[in-house]
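This briefing is intended for a reader who has the sequence and the coordinates at hand. Please keep both in view while going through the points below.

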Amino acid sequence: MTTALEPLRRIAAYAVITNETGQVLLVRASMQSGTPGVWSLPGGAVDHGEHPNDTVVRETAAETGLSVAVTGLRDVLADIRALPHRGVTIHTDRVIYAARVRGGALRERVDQPTDLVRWLSPEEAALLPLRPFTAGALGVTEAAIDLLPDEVPDFPSFFAAPGPDGLHRAQRFAAYAVVTDRMQRVLLTRIAANYPGAGKWHLPGGGTDYGEQPGVALIRELVEETGQRGRLGELLGVASHRDPASLGPEGYPIDWHGVRAFYRVRVDRATKPKVYDVGGSTAEARWVTKDELGELGPEDVTEVTAEALKAASLDHQVG
């Protein structure tokens, strides 16, 4: 039984790294890990305030001895697994990049969560026990090596805990959308009073629930915040933002770190937006034309909105 396990949540970043012969770089989990003997992409947990891009460079250097440069974003996904021997169930939001080697030399580690590193062909990798997210990234058959919990545990979408300095910390993964309709209008939401960024225009979306995939969360949030039903499109990017002393409805400062994936979403049958999540962080929702978007200045939109509009090639429309 796994229902009594303590729920935990983390954000992690990994890289698909190939060489000139088509081999992929993999690392093996040691006896100190939760899945000893299992192979995965190099990478690991995102530190508080760290951009996942930097995480994958740092973790790859530590696990393999190689310096890498990120060359692209491949995927964002989530998984949940039970570790009864540790008494926990873990939800992990994973950011998967592509990267290339800049230099260094392969080396193995002792008394660390990984112990071996190898260049392997896709055929060789397919014969190994692989973490499911690694098998998916490599396009090989996934082995059922993760123990799933009997049921998804209750876990708050927002969770702040005291950090080493005594200040409360929160790290949250969220999904947002650049939503357009057939008339090429863009759907924006306004942040409610008493929330960080109050009054600014924002993108539809929000924090993902425990056990929920980012795309599923985004479509759910779109309905709750605007009443629109959309089609999930391409992944545009991943943003990371830290506010060392954010103030929200909690009423006390929180060292806040948000990691946000943003996507394109298309609405085929646009309707007048309606906020169903009354009393939440969204005060209103509105379809805006290109001309109206051009009337907004950088101070009128949130940081993630500006970054996502740039990724969608709509940033030139913001004045």
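The points that follow concern a predicted model and are grouped by topic.

The protein chain contains six helices and 15 strands. Of its 319 residues, 48% count as buried. The sections below describe the overall form, the nonpolar cores, the last helix in the list of elements discussed, the aromatic pairs, and some individual residues.

**Overall form**

- The radius of gyration of the protein chain is 21 Å, which agrees with the value near 20 Å that a compact globule of 319 residues would have.
- Taken along the principal axes, the box filled by the C-alpha atoms is roughly 55 × 45 × 35 Å.
- The accessible surface of the chain comes to about 15,100 Å², and carbon and sulfur atoms account for 50% of that area.
- Among contacts between residues at least 6 apart in sequence, 71% join residues at least 24 apart.

**Nonpolar cores**

- In soluble globular proteins, nonpolar side chains tend to be buried together.
- Here the largest nonpolar core has 29 residues, and those with the most contacts inside it are V76, V95, F173, V179 and V238.
- At least two residues of this core come from each of the strands β1 (6–17), β2 (24–29), β5 (66–83), β6 (88–104), β9 (168–180) and β14 (254–266), and likewise from helix α4 (214–226).
- A second core, separate from the largest one, has 19 residues, among them L188, L203, L293 and V304.
- V179, one of the residues with the most contacts inside the largest core, touches R185, V186, L187, P204, L222, V265, V267 and W287, leaving aside residues up to four places away in sequence.

**Helix α6**

- Helix α6 spans residues 303–311, and V304, T305, A308 and L309 are buried in this helix.
- Viewed down the helix axis, the buried residues of α6 fall within an arc of 130°, so they line one face of the helix.
- The cover over these buried residues includes the strands β9, β10 (186–191), β11 (201–202), β13 (231–246) and β14, together with helix α5 (290–294).
- V304 also belongs to the second nonpolar core.
- Just after α6, S313 takes a positive phi of about 60°.

**Aromatic pairs**

- The structure holds four aromatic pairs.
- In the pair of F155 and F159, the ring centres lie 5.6 Å apart and the planes meet at 45°, so the pair is tilted.
- F155 is partly exposed at 22% relative accessible area, and F159 is partly exposed at 47%.
- F158 and W256 form a stacked pair, with 5.4 Å from centre to centre and 20° between the planes.
- F158 lies in the loop between α3 (132–138) and β8 (161–162), while W256 lies in strand β14, so this pair ties together parts that are 98 residues apart in sequence.
- W256 is buried, with a relative accessible area of 17%, whereas F158 is partly exposed at 25%.
- Ring pairs also link F155, F159 and Y210 into a cluster.

**R220 in helix α4**

- R220 is located in helix α4, an element that supplies at least two residues of the largest core.
- With a relative accessibility of 22%, R220 counts as partly exposed.
- Residues up to four places away in sequence aside, R220 touches G207, T208, D209 and E212.
- The C-alpha atoms of R220 and T289 are separated by 24 Å, and these residues are 69 apart along the chain.

**Positive phi in loops**

- D111 is not a glycine, yet its phi is positive, at about 60°.
- The loop between β6 and β7 (114–120) holds D111, and this residue is exposed with a relative accessible area of 61%.
- N194, likewise a residue other than glycine, has a positive phi near 75°.
- N194 lies in the loop between β10 and β11 and counts as exposed at 61% relative accessibility.

Note on methods
Residues are numbered from 1 along each chain as its sequence is written. This is a predicted model: local features need pLDDT of at least 70, side-chain atom pairs count only at pLDDT 80 or more; totals for chains, interfaces and linings use all residues. Side-chain values use heavy atoms; hydrogens and water are left out. A nonpolar core is a set of buried Ala, Val, Leu, Ile, Met, Phe, Trp, Tyr and Cys residues joined through side-chain atoms within 4.5 Å. Buried means under 20% relative accessible area, exposed over 50%, partly exposed in between (1.4 Å probe, protein chains only). Helices (H or I, at least four residues) and strands (E, at least two) are DSSP runs, numbered from the N terminus. Contact means heavy atoms within 4.5 Å. Rings of Phe, Tyr and Trp (its six-membered ring) pair if their centres lie within 6.5 Å; planes under 30 degrees apart count as stacked, over 60 as edge-to-face and the rest as tilted. The radius of gyration is taken over C-alpha atoms; the globule rule is 2.2 Å times the number of residues to the power 0.38. Accessible areas come from the Shrake-Rupley method with a 1.4 Å probe; for residues, only the protein chains shown count as cover. The arc is that of the directions from the helix axis to the C-beta atoms.
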